[in-house]
Structure formats: structure tokens, C-alpha cells
Amino acid sequence: MSLLKIAPMGNPVLRTVARAIVDPTDPEVRRLAFDMVDTMIDAGGIGLAAPQVYEGVRLIVFSTIDERPGGDGPPPETITILLNPEVTPLDDAIDEAFEGCLSIPGIRGLVPRPARIGYSGWDLDGNRIEREAAGLHARVVQHELDHLDGILYLDRMADFATLAFESELHHVMPRKE
Ligand code: NI
């Protein structure tokens, strides 16, 4: 495995629109995808987009937890590698939740996003992937797809008063009664 260097905010690669992958089965694409998974796990992230490792191609990796109830032990975690992804909101519902980003370490902010989405793309064997998602799953896919278009979560924030260092996050988190 190889760990890749993560581009920090300010690097132009994070503000550049990534190009489509022509051949999903290209061994170079496979190597990049597997290195991105290793890098994401090592960095403690739940998603990573190729521009974050200085590769301007439309490839994202993310981890999702099966939120269906039932069974013993921790819920199973699934890692998805998705090429040339597309996202469509399923309705007008908007969710707000705090997000962070491996390219913007140490801070988080509240980000509104469509709550329920359909998304699609291809896997490394060239098979079509089509899914629907809500909650954190929908959020991570949208966050990572934004990276392919040069968009950071800060650009999506509605209120910068919610932007905080992780140590201060409890001050800006909405209180739950
Ligand atoms: Ni990010």
C-alpha cells in the first residue's frame, strides 16, 4: 500500500474541475483508487476525492455504515470506489449537519445539503452503480462529488458563525433539548 499526500486548502488542485475517467479498468486508476482508500483510512476520514491527492480525475472513495437495525456487533462498514459520479436530489428536503474535510484539518462547519439523493457512477470493473441514499451516506457522497468540481464545504455553508475548531465545536453545536 502507498499513502498519498493530501492537498491542503489553498492548493489550486482543490479549485480545479476534474476530468472524466475514460477507462474505468485502467490499472493506473485501480492503483490510485486503492491508494486513496488506504490514505483515507490512515487519515481517519470517511471520504476522499482524487483532487485531494493531487490527481485531477473524477474518482471518489467513501465509507458508509449500514444503518439498518438488527444483528449483533458493530454495523458493517462498506467502502465504495466510484468513478465519474453523478448526484441528483430526490426531493426538496434539506438536512444540516457538521462537516470536516481532510484538506481543511482541525475545523468543522454546519452545511445544508439535500437530504435524499440518487447517485450513480462506475466501479473499477466498469459496472454501473446506482443507489439512493440519505443521512450521512448522502452527505459524504455530495461532499466528495463537490471536490471534483472544485467546491469545498465552506462554499456551501449558510452561516460562518458555525465554523469552529474541533476543540470549540461544542460552543456552536445546536443544543438538543
Ligand atoms: Ni473534503
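**Entry 1: the end of helix H1**

I opened at Gly-44, which comes right after H1 and has a positive phi, near 75°. A reminder to myself before going on: this is a predicted model.

Then I went back along H1 itself. The helix has 17 residues, and I get 24 Å from its first C-alpha to its last, close to the 24 Å expected at 1.5 Å a residue. At the N-terminal end I found a cap: a side-chain oxygen of Asp-26 lies 2.8 Å from the backbone nitrogen of Glu-28.

Which residues of H1 are buried? My list reads Val-29, Leu-32, Ala-33, Asp-35, Met-36, Val-37, Asp-38, Thr-39 and Met-40. I jotted down the helix rule beside it: an α-helix has 3.6 residues a turn, so residues three or four places apart point the same way. Next I looked for what covers the buried residues, and the cover includes strand S1 (47-49), strand S2 (59-65) and strand S3 (77-89).

**Entry 2: Asn-11**

Today I stepped back to the segment before helix H1 (27-43), where Asn-11 is found. Asn-11 is partly exposed, at a relative accessible area of 22%. Its side chain reaches the backbone nitrogen of Val-13 at 3.0 Å. I also checked Asn-11 against Leu-59: the two are 48 residues apart in sequence, and their C-alpha atoms are 18 Å apart in space.

**Entry 3: two odd phi values**

Most residues other than glycine have a negative phi. With that in mind I stopped at Tyr-54, which is not a glycine and yet has a positive phi of about 70°. Tyr-54 lies in the loop between S1 and S2, and with a relative accessible area of 33% it is partly exposed.

Asn-84 also caught my eye, with a positive phi of about 50° although it is not a glycine. Is Asn-84 buried or exposed? Buried, I noted, with a relative accessible area of 17%. Its place is in strand S3.

**Entry 4: Thr-64**

Thr-64 is found in strand S2, and it is buried, with a relative accessible area of 11%. What is Thr-64 in contact with, leaving aside its neighbours within four places in sequence? I wrote down Pro-76, Glu-77, Thr-78 and His-137. One of these, His-137, turned up again among the buried residues of H2.

**Entry 5: the sheet and the hairpin**

I traced an open sheet of three strands in the order S4-S5-S8, with antiparallel pairing. S4 and strand S8 (164-165) stand at the edges with a single partner strand each, so one side of each is left without a neighbour in the sheet. Strand S5 (residues 104-114) pairs with S8 over two bridges in the antiparallel sense, and Ile-107 stands opposite Phe-165 in S8. H2 packs on this sheet and touches S4 and S5, its direction making about 60° with that of S4.

Then the hairpin. Strand S6 (residues 116-122) and strand S7 (residues 128-134) run antiparallel and are joined by seven bridges. Arg-116 has Ala-134 as its bridge partner in S7. Five residues lie between the two strands, and Gly-126 in the turn has a positive phi of about 80°.

**Entry 6: helix H2**

I checked the span of H2 as well. Its 14 residues should span 20 Å at 1.5 Å a residue, and the end C-alpha atoms are 21 Å apart, which agrees. The helix is mostly covered, since 12 of its 14 residues are buried. Among them are Ala-138, Val-141, His-143, Leu-145 and His-147. After H2 comes Gly-150, with a positive phi near 75°.

**Entry 7: the nickel site**

I kept the metal for last. Which residues coordinate the nickel ion? Cys-101 does so through SG, and His-143 and His-147 through NE2, at 2.1 to 2.2 Å. The spacing of these donor residues in sequence is C-x41-H-x3-H. Cys-101 lies in strand S4 (residues 94-101) and His-143 in helix H2 (residues 135-148), so this pair ties together parts that are 42 residues apart in sequence. I noted that Cys-101 and His-143 are buried, and His-147 is on the buried list for H2 too.

Key
Residues numbered from 1 in each chain as written. Heavy atoms only, no water. Donors = N, O, S within 2.8 Å, 3.2 Å for Na, K, Ca; no water. Helix = DSSP H or I, 4+ residues; strand = E, 2+ residues; numbered from the N terminus. Buried < 20%, exposed > 50% of the residue type's maximum accessible area, 1.4 Å probe, protein only. Polar contact = N/O pair within 3.5 Å; in protein donor to acceptor, adjacent residues only side chain to side chain. Pairing = 2+ DSSP bridges. Expected span 1.5 Å × (residues − 1). Contact = heavy atoms within 4.5 Å. Axes fitted to C-alpha atoms, helices over the stretch in contact; angles between N-to-C directions.
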